[in-house]
Amino acid sequence: APAVAAAMQAARKIAEAKKQQRAEVETAPAAIPPPANTAAAEAAAAAAKAAASRLGTRVGGAKRAASYEAEIEINDMSQKARRKVTMKGYQSDIQEFFSVALTMKGVFCPPGKSPPEGERKLFLLIEGENEANVRKARIEILQEVERVEAQAPAGGEGGGRYKVI
């Protein structure tokens with residue numbers, strides 16, 4: 001019986017300590033965020049993001065979940081290759097396997113035409129928390145493009161549903 005009484009007393013002390021900690025947290029003043037940075041700091045952050053390499057460099061800070069990014073321009077690829085890398089099933093496989101996010105950005109520009117003012121040609125953005133995963137995903141996508149383009153007939157002929165006699 002004395003051991004049980006001692007255990008009960010220890011449990012009461014632990015419960016009382018937890019209750020006191022909760023009370024301290026509730027009554028503590030809220031942390032006040034620092035004042036907003038100057039325009040120069042904002043411009044520097046924007047310049048750092050713009051200067052990030054296409055091969056996967058760290059951008060942003062702890063606020064961004066995806067710290068590394070890479071880009072693959074898909075505008076000038078064959079239609080089959082573009083379709084393959086933008087298919088939902090293929091993208092979800094890449095995203096799941098490499099733990100990255102894929103986003104298609106830009107506008108499609110036919111061959112010989114430039115994009116509208118302020119726009120970029122169609123590209124695939126790869127973002128991830130791990131530089132190695134971003135790089136591996138980029139390599140895998142480029143290898144898939146090569147496989148698809150190697151299967152396509154030369155000169156853009158054939159590949160259609162019907163054959164003209």
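**Legends: fold overview and the H4–H5 packing**

**View 1. Secondary structure of the chain.** The chain holds five helices and four strands. The model is predicted. From start to end of the sequence, the elements run α-α-β-β-α-α-β-β-α.

**View 2. Burial, surface and contacts of the chain.** The chain has 165 residues, and 22% of them are buried. Its exposed area is about 12,500 Å². Carbon and sulfur atoms supply 56% of that area. Take the contacts between residues at least 6 apart in sequence: 57% of these join residues at least 24 apart.

**View 3. Helices H4 and H5 packed together.** Two packed helices are described by the angle between their axes and the distance between the axes. Here, H4 covers residues 88-98 and H5 covers residues 131-151. Their axes lie 10 Å apart, at an angle of about 150 degrees. Angles over 145 degrees count as roughly antiparallel, and H4 and H5 are therefore roughly antiparallel to each other. The crossing of the two helices is right-handed.

**View 4. Residues at the H4–H5 contact.** H4 contributes Tyr90, Ile94 and Phe98. H5 contributes Asn133, Lys136, Ala137, Glu140, Ile141 and Glu144. By class, the contact of H4 with H5 has five nonpolar residues, three charged residues and one polar residue. Tyr90, Ile94 and Phe98 of H4 count as nonpolar, as do Ala137 and Ile141 of H5. The charged residues are Lys136, Glu140 and Glu144 of H5. Asn133 of H5 is the polar one.

How values were computed. Residues are numbered from 1 along each chain as its sequence is written. This is a predicted model: local features need pLDDT of at least 70, side-chain atom pairs count only at pLDDT 80 or more; totals for chains, interfaces and linings use all residues. Side-chain values use heavy atoms; hydrogens and water are left out. Axes are lines fitted to C-alpha atoms, for helices over the stretch in contact, and angles run from 0 to 180 degrees between N-to-C directions. Angles under 35 degrees count as roughly parallel, over 145 as roughly antiparallel, 65 to 115 as roughly perpendicular and the rest as oblique. A crossing is left-handed if the near helix is turned anticlockwise from the far one by less than a right angle, and right-handed if clockwise. Contact means heavy atoms within 4.5 Å. Buried means under 20% relative accessible area, exposed over 50%, partly exposed in between (1.4 Å probe, protein chains only). Accessible areas come from the Shrake-Rupley method with a 1.4 Å probe; for residues, only the protein chains shown count as cover.
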